[in-house]
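Okay, thanks for coming, everyone. I'd like to walk you through one model today, so let me put it up on the screen.

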Amino acid sequence: MRFASKNIPPTEFTAIEHAHYPSQPYLPLPSHRKRVAVTASSAGALINFCHGLILDMVNRGHRVFAFAPELSNGDLRILSHLGAEAYSLPPQLALWDKYRRMRELSNLFGDVAPDVLLVESARNGMVSVAAAKIAKIPHVVTVVPSFGPAFMEGAAGASAWSHRQAMKTVFRTVFSWSDAVVFHSAHDMKFADDTKLLPPSKPAVAVGGWGEDLHRHVQRALPPLDRGALFLMAAPLDQLQGILDYCEAAKTMRLKARRARFFLASTPGEAIAPVDTAILKQYREFVQYIGPVDDAGSLISKCHVVVAPSWGNGAPRPLFQALALGRPVITTDTRSCRDFVQQGLNGYKVPVRDPDALVRAMSQILQRPDLMPLMSEESRRLALRFYDMNAVNALVLETLSL
C-alpha cells in the first residue's frame with residue numbers, strides 16, 4: 001500500500017489573532033475533595049477521550065483512579081503525568097471473564113473506596129456498574145457516546161433485531177443502576193426516552209461529545225485551491241464508518257472532477273467490521289491512502305473538506321477537529337452526526353450508505369468554491385457554541401457532583 005502523506009500540499013497556517021472566547025462556565029471549587037474512579041472499555045478510550053476530564057478533576061483537587069484493560073507502560077506514564085492512579089485490567093474475552101472482571105473491579109473499588117464512578121461507555125459498562133453496585137459506590141454516572149451497531153439507523157434483519165433486543169436489556173440495566181446518564185447527543189437522549197430505555201425520573205444531560213480543546217486547536221486558513229479541492233476522510237478502518245461509501249464516491253468524483261483529490265487516513269478506534277487494506281488497493285487510482293495516524297488534526301488543516309459518512313455508530317473525533325479547525329463537513333444524517341452540520345451553511349448532510357448522495361454533496365461544494373471561507377467560519381462558530389471541551393467538562397463535573 002502506498003503512503004501518501006507527502007502528497008498533500010503544505011499550507012501556511014494563520015491562526016485567529018487572539019480570538020475572543022466566551023468565558024467558561026467553571027464550577028466553584030467543592031467544599032471537600034473526593035475520590036473519583038473512571039472506567040473505560042479500552043486503553044485508547046481512556047487516554048484519547050477522558051484525558052481532559054481527568055486533568056480537570058485532578059486540577060480541582062480530587063484523587064482520580066483510572067481503570068482500563070491492557071494499559072501499556074506508555075499509557076500508565078500518560079495517566080501518571082495527568083495525576084491519576086492507573087490500574088491495568090486483563091483482557092475480557094468471554095462471559096466468565098466478565099464475571100471475573102466484575103469481582104476484580106468490585107474488590108479494587110472496595111480498596112480505593114471512590115465517592116464517585118464515571119463509566120466511559122454504557123454499551124460496555126455493565127461490568128463496571130455491577131461492580132459499583134457490589135462495592136456500594138455512592139454516586140455512579142454513565143456516559144453514552146453512542147448506542148452502537150444494534151441501534152444504527154437502517155439496521156435491519158433478524159440478527160440485527162435480536163441483537164437490538166439483547167442490547168435494550170443491557171442499556172436498561174446500566175441506566176437503572178446509574179444515578180445519572182450523560183449523552184453525547186441530544187438525539188440519542190430523546191431516542192432513549194422514546195424507546196423507554198431511560199427510566200422516567202433518571203437525571204440525564206446531553207453534552208457535545210468529549211469536546212475539543214478550542215484554545216489549542218484554533219481555526220486554520222484554508223489551503224489555496226490552485227492544486228484542486230482536497231477532501232479527507234479520517235476514521236478507523238471500519239465498514240460502519242462508511243469507508244467504502246467514501247471510496248465509491250471518490251471514484252465517481254475523480255471521473256467527473258479531475259482536479260478534486262481524495263485522501264483517507266486510519267485513526268485509532270474500535271473497528272467492528274474491519275476493512276482490509278487490500279480492499280483499499282482497488283481504489284488506489286482514486287483515493288490516496290495515507291495510513292494510520294494518531295491525530296488527524298494536522299491532515300485536516302491541509303485539506304479543504306472533511307467527509308464522515310458514518311452509519312451512525314458514534315461521531316468520529318475528526319468531526320470535532322474539523323469544526324475546531326474551521327473546515328466544511330459532509331456527514332450522514334444520523335443521531336450521532338447530524339448536529340455537526342447546518343445544512344448548506346457549513347456543509348451537507350447525506351443519507352446513510354448512499355455514495356451517490358456523497359457525490360452530489362461534494363459536487364455542490366466544488367460548484368461554489370467561493371463559499372468555502374464562509375462555511376469554514378460557520379464550522380468554527382458551531383465548535384465554539386457546542387463543542388468547547390471546557391464547557392463540556394463543566395457540565396459533566398456538575399453531573400458528577402464534583
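I'll start with one strand, then go to the core around it, one helix, and the cysteines.

Quick housekeeping: this is a predicted model, so local features need pLDDT of at least 70, side-chain atom pairs count only at pLDDT 80 or more, and totals for chains, interfaces and linings use all residues. Residues are numbered from 1 along each chain as its sequence is written, and side-chain values use heavy atoms, with hydrogens and water left out.

Right, find β8, residues 230–235. Helices here are DSSP runs of H or I with at least four residues, strands are runs of E with at least two, and both are numbered from the N terminus. Is β8 enclosed or open? Six of its six residues are buried, so β8 is largely enclosed by the rest of the structure. By buried I mean under 20% relative accessible area, with exposed over 50% and partly exposed in between, using a 1.4 Å probe and protein chains only. In a regular strand, side chains alternate between the two faces of the sheet. In β8, L230, L232 and A234 sit on one side, F231, M233 and A235 on the other, and both faces are covered.

Now the neighbours. β8 runs parallel to β9, with six bridges joining them; strands pair if DSSP finds at least two bridges between them. M233 has L264 of β9 as its bridge partner. On β11, also parallel to β8 and joined by two bridges, V306 stands opposite L232.

Which residues touch the most other members of the largest nonpolar core? They're F231, Y246, F262, L264, I330 and M362, out of 34 residues. A core like this is a set of buried Ala, Val, Leu, Ile, Met, Phe, Trp, Tyr and Cys residues joined through side-chain atoms within 4.5 Å. Have a look at Y246: among the residues that Y246 touches are F231, F262, V287 and M362, where contact means heavy atoms within 4.5 Å.

Over to α12, which supplies at least two residues of that core. Its buried residues include M372, M375, S376, E378 and R380, and their cover includes β11, α10, β13 and α11.

Last, cysteines. How many disulfides does the structure hold? Zero, counting pairs of cysteine sulfur atoms within 2.5 Å. For C50, the closest cysteine sulfur, in C337, is 19 Å away, so that's too far for a bond. C50 is buried, at 1% relative accessible area.

Definitions and conventions:
Lists of a residue's contacts leave out its neighbours within four places in sequence.
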